[in-house]
Structure formats: C-alpha cells, structure tokens
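Colleague: Before we discuss this model, could you put the sequence and the coordinates up, so that we can go through the packing and pairing together?

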Amino acid sequence: MRLNRLLGLATACLLTPFSLSAYAEEAEERDNDTRVYVEAYGFFPLETHSKTTLDNNNTSETLDLSDVLDMLTGVFSGKVAVEKGRFGLQAGLDHLSFSTSETVSSWNSSNPIPNDRHPRLPQRRITSEGTIKSVTDTEQTLFDLALRYRAGEIQKPRMTPGSVSFIGFAGMRLIDASLDMDVSFQDNVTVEGILPSRQLQRDIADEASETWHNTWVQPLLGMNTTLALGEDWQAFLGMDVGGFGLNGKQDLSGTVEAGLAYALGNSAQISLAYRYFGIEYSAHDGRNGYESSQNGVNLGFRWLFD
C-alpha cells in the first residue's frame, strides 16, 4: 500500500514538469495566433458645442441630443484590427454630417462687398439689422490608421478575472472636412444707416455665403486598457490625441472613453461607455476653421475572429 503511494507520487512529480511545459507552450502558441477584431458603435452626444468661422464670419451653437438627431444627415462609425502575436494594425472610420440653421435680428461681419462695386460701403465693420437666416452644412470624416502593440493578456470577450490587457498605438489620422454657409435676408435690412437696395442685399448675402473644404493629416497617439472584473464583465479606458498644431494655426483632436463591456458568448461583446470627442482647426490665416466638442453615451459591439 505504501509502495503504491510512493509510486504515484513519483509519477506525479515526473509528469508535472512536462505538463507545465506543455501548458506554457500551448499558451505561447495561442499568444502568437492571428486575431481579427471588428467593432461598430453608435455615439449619442448629450451635448454638442460648435463654432464655425468662414471668411471671418462666426456662428456658434450649443445643441442637445434631440437637436443633433433632428439635424443629423449622415453617420457611420467602425473599427477593424488585425493582431498577430503582440503586434498589430488597426483602422477606424468616423463619418458625420449635419445641417444647422440660425435666424438672428442683427449680424456683425466684416464688409463682404468690394469697394469698387459699392463705394458707399467702406471697408470697416458693418452691422445689419433685420431678420437674417444662416444655414451651415458640416461634413466631417476621420480615418485612423495605426500600428499597435499589446502588453498583458489577449483581449477577448471572456477573460480571467483580474487579468489586464494594454494596447498602445501610433499612426496617422486623416481628416476631411467641409463647411458650407448660406446667408439670406428675410426682411429689409439697414447697413450702418444705409438702406440697401434689393440688389445690394442679394450681393451682401451672396458674398457672405461661403464654402470651405480641407483635407489634412495628423500624427496620432493613443492607448486602451481592459481590466477583467469577472469572466463576462470588463472595464475599459481608451484615449487618443492627434494634430499637435502641425497643420494650421490651430490643429488638435482627441477622444477619451471609459465604460463597461459584457460578453455575448465567446466571440462577441457589447459595451456601454461615456465618450468625449473634441476637434479644433483653424487655417494659418485664421479666416476659416471650426471647433466642436461632444460628450455623451457610446454603445458598441465587438466581434473576435481567431
């Protein structure tokens, strides 16, 4: 009886190193596998602040979620990443277009009419009194492309409680933005005490209406980290920053996001997060540009293919 116990103990001692070694090799092999992540998400901004500058004419607005949904004309957000071992490549696309309108009873602007056409209006600040409508169409597309490196555990919908995964990335952000401002007078207006003719009103409105389009590239840095709270629950934090003032008088964009994710099986996940996004751009001459900041709820889905 004692001999059998000794033989069993000796066998276990001999087999344990091989078992541990096999387990380590299997874990290393899994770590070196290729994985594909696909994400789609919807952003619901509870508050949006924007400022548009076209030919030194400014419009500012603060919108809530219902305003944004009313003015929204197009939206798409998604991300895909490929990881082999600890290195990978990721790409993201965010597209947003909306139309806003503003009706005012007074309007301050630099004189948009050249002197040779209307010498009675000197080159100085003018004030228009009356009902003036300004419609601004904004379209913005962000395309991110970056190399990434993972430290810690593989990011999966289900992870061992207490495990941590960290990903750092660096790359580029391409931004394509366009602004179109259409100004129209709804009633008779006076300009610095001058009562313009109908033709002069149309000339002022045409010259005040502007279109601006620009495409530029920003350097991009970012990170995201995941902490497994349980087998199915995870907390995550992500942030990125781009621009650093390299392509204009002002050039900066950034995102901060924090939230919780829940596993839907072994290869899918749903997440709910608070997100802040801001962008600020001004051309070198300062005559054209825009600023926008949004904060709200982000609902996302992620799929893992390995």
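Colleague: How many aromatic pairs does the structure hold?

Modeller: This is a predicted model, in which local features need pLDDT of at least 70 and side-chain atom pairs count only at pLDDT 80 or more, while totals for chains, interfaces and linings use all residues. Residues are numbered from 1 along each chain as its sequence is written, and side-chain values use heavy atoms, with hydrogens and water left out. Rings of Phe, Tyr and Trp (its six-membered ring) pair if their centres lie within 6.5 Å, and planes under 30 degrees apart count as stacked, over 60 as edge-to-face and the rest as tilted. By that criterion, the aromatic pairs in the structure number four.

Colleague: Is the pair of Trp233 and Tyr262 stacked, edge-to-face or tilted?

Modeller: A pair of aromatic rings is described by the distance of the centres and the angle of the planes. For Trp233 and Tyr262 the centres are 4.8 Å apart and the planes stand at 50°, so the pair is tilted.

Colleague: Which strands does that aromatic pair tie together?

Modeller: Helices (H or I, at least four residues) and strands (E, at least two) are DSSP runs, numbered from the N terminus. Trp233, at 45% relative accessible area, is partly exposed, and Tyr262 is also partly exposed at 32%; here buried means under 20% relative accessible area, exposed over 50% and partly exposed in between, with a 1.4 Å probe and protein chains only. The two residues are 29 apart in sequence, and the strands tied together are β9 for Trp233 and β10 for Tyr262.

Colleague: Which element gives the largest share of the largest nonpolar core?

Modeller: A nonpolar core is a set of buried Ala, Val, Leu, Ile, Met, Phe, Trp, Tyr and Cys residues joined through side-chain atoms within 4.5 Å. The largest one has 14 residues, of which Ile175, Trp212, Trp216 and Tyr290 touch the most other members. Two or more residues come from each of β6 (164-185), β8 (210-228) and β11 (268-282). The largest share, five residues, is that of β6.

Colleague: Which residues does Trp212 touch, leaving aside those up to four places away in sequence?

Modeller: Trp212 is one of the core residues that touch the most other members, and contact means heavy atoms within 4.5 Å. With residues up to four places away in sequence left out, the partners of Trp212 are Leu54, Ala177, Ser178, Leu179, Tyr281, Asn288 and Tyr290.

Colleague: How many salt bridges are there?

Modeller: Side chains of opposite charge can pair when their charged atoms come close. The rule applied here asks for a side-chain nitrogen of Lys or Arg within 4 Å of a carboxyl oxygen of Asp or Glu. Arg35, Glu83, Arg148 and Arg150 are linked in a network of such bridges, and the overall count is seven.

Colleague: How far apart in sequence are the parts that Glu39 and Arg302 tie together?

Modeller: The side chains of Glu39 and Arg302 form a salt bridge, with an N to O distance of 3.4 Å. Glu39 belongs to strand β1 (residues 34-54) and Arg302 to strand β12 (residues 289-305), so the parts tied together by the pair have a sequence separation of 263 residues.

Colleague: Is Arg173, which forms a salt bridge with Asp240, buried or exposed?

Modeller: The closest N and O atoms of Arg173 and Asp240 are 3.2 Å apart, and this salt bridge links strand β6 with strand β9 across 67 residues. Asp240 has a relative accessible area of 16% and is buried. Arg173, at 2% relative accessibility, likewise counts as buried.

Colleague: In the hairpin of β11 and β12, which residue takes a positive phi?

Modeller: Two strands pair if DSSP finds at least two bridges between them, and β11 and β12 pair in the antiparallel sense over 15 bridges. Within that pairing, Arg275 has Gly296 in β12 as its bridge partner. The hairpin has six residues between the strands, and the residue with a positive phi, near 75°, is Gly286.
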